[in-house]
Amino acid sequence: METTVFAPAKINLTLDVTGRREDGYHLVETVMQAVSLFDRVTVREEKGKGIRLRTDDERIPGDASNTAYRAAEAFFQAAGLPPVGLEIRLEKFIPMQAGLAGGSADAAGVLVALNELTDARLELDTLCEAGSRVGADVPFCVMGGAALCTGTGTILSPLPSIPECHIVIAKPSRGVSTAEAYRRIDESAPRRRPHTSVMVDAVCAGELSTMGRELCNVFEQAIALPEVSAIKAVMREYRTLGCLMTGSGSAVFGLFEGRDEARRCAESLRKTIEEVVLCRPCA
C-alpha cells in the first residue's frame, strides 16, 4: 500500500525574533500562510524494517538527517506502533534555502501520509506535537491555512486564510542557511519590527491592502541581500500590494489582486531568475 500527499510551502507575512531561551532556541512571532506550491510526498510500506528515502534532487540527503526521515520515526513513536519498512519518495518543487519551509513541508507530508497509511487516526494536535520534535515549522505545515505562530514557532493560533489573491514567488540563485540567518539576527538590531497584532487583525478582516502595507520580516533587514532588493523593485513596477522576503530567505513573494499584473511580473522576473512561481493562498 502507498499514500501520496501534496505538501504546501508557506510564506511569512510577518516575522519577528522576540528573544532567546536559555537552551539557545530563538523565540519568534510570525504570521504564516500556506500557498499552492507543493512537494509531492509518497510513502509506501515495504517488507522488513528500516526507512528508504529517495528524492529527485541529489542535493537532498537520503539518510536520518532528512526531516522526512525523522518525521517517520516521530510518527511511530507518537502512534505507539512498531516501525515497519518504508519507502519515502520526495518530488521537489519547493526551492531549497528559500524560507518556504520545503523540508518542513516534506516532514508534515510524511506524518499525514503515515496517519492515513497505518489508519492510526491520530488527532491533529498529536501530529503537530510529533512534528514539533522534527522542526519548528512542521506543526504549521501539518495544519496549513494561516496561523499566528509563537514560542519557537510551534505554538499555533489558527487564523482565516487570507483572501483570494495571486502570489508571485521568486528565489534568487543565492540561498541562505537558517543558522547563518540567526547568526546575523543576533549581531544586529532591526530598524523596523512587525506590527503583528495589526497584521492579525487585517488577516481576520480580510483586508488584503492592509496586509500588503504591514508586511515585515526582521531577517530581510539583517541579511540585506541585493538580490532581494532587485526582485522587490521589479514587483513594485507591477503594482504589487506588498512584497517581502519570506522566512530566513532568500525567496521573495509579492501579493497581487489581479492575475494579469501577477503574470506579467512573473514573466519579467523569469528573464533573470530561474525559480519563479505564480501561486495562490492555500486554505
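## Aromatic pairs

Tyr182 counts as partly exposed because its relative accessibility is 21%, and a residue is buried only under 20%. Phe219, by contrast, has a relative accessibility of 1% and therefore counts as buried. These values, like the others in this report, come from a predicted model.

A pair of aromatic rings is described by the distance of the centres and the angle of the planes. Three aromatic pairs are present in the structure. One of them is formed by Phe75 and Phe76, with centres 5.7 Å apart and planes at 75°, an edge-to-face arrangement. Phe75 and Phe76 are both buried. Tyr182 and Phe219 also make an edge-to-face pair, in which the centres are 5.0 Å apart and the planes form an angle of 85°. This pair links distant parts of the chain, since Tyr182 belongs to helix α5 (residues 178–187) and Phe219 to helix α8 (residues 218–223), with the two positions 37 residues apart in numbering.

## Two crossing helices

Helix α1 comprises residues 67–79 and helix α2 residues 102–117; their axes come within 8 Å and cross at roughly 35°. The crossing of α1 past α2 is right-handed.

Which residues of α1 meet α2? They are Thr67, Ala68, Ala71, Ala72, Phe75 and Phe76. On the α2 side, the residues they meet include Ala107, Val110, Leu111 and Leu114. Sorted by class, this contact contains nine nonpolar, four polar and one charged residues.

## The four-stranded sheet

Strands of a sheet pair through backbone hydrogen bonds, either parallel or antiparallel. In this model, four strands make an open sheet whose order is β9-β10-β7-β11, with antiparallel pairing. Strands β9 (242–245) and β11 (275–279) lie at the edges, and each of them pairs on one side only. On average, neighbouring strands of the sheet are turned by 15° against each other, direction ignored.

Strand β7, which spans residues 166–171, is joined to the antiparallel strand β11 by five bridges. Within this pairing, Val168 has Leu278 of β11 as its bridge partner.

## Helices on the sheet

Helix α9 (residues 226–237) packs on the sheet and touches β7, β9 and β10 (252–256). The direction of α9 makes an angle of about 15° with that of β10.

Helix α10, formed by residues 259–269, lies across β7, β10 and β11. With respect to β7, helix α10 runs at about 10°. Strands β7 and β10 are thus touched by α9, and α10 lies across them as well.

Methods: Residues are numbered from 1 along each chain as its sequence is written. This is a predicted model: local features need pLDDT of at least 70, side-chain atom pairs count only at pLDDT 80 or more; totals for chains, interfaces and linings use all residues. Side-chain values use heavy atoms; hydrogens and water are left out. Two strands pair if DSSP finds at least two bridges between them. Axes are lines fitted to C-alpha atoms, for helices over the stretch in contact, and angles run from 0 to 180 degrees between N-to-C directions. Contact means heavy atoms within 4.5 Å. Rings of Phe, Tyr and Trp (its six-membered ring) pair if their centres lie within 6.5 Å; planes under 30 degrees apart count as stacked, over 60 as edge-to-face and the rest as tilted. Buried means under 20% relative accessible area, exposed over 50%, partly exposed in between (1.4 Å probe, protein chains only). A crossing is left-handed if the near helix is turned anticlockwise from the far one by less than a right angle, and right-handed if clockwise. Ala, Val, Leu, Ile, Met, Phe, Trp, Tyr, Cys and Pro count as nonpolar, Asp, Glu, Lys and Arg as charged, and the others, Gly among them, as polar.
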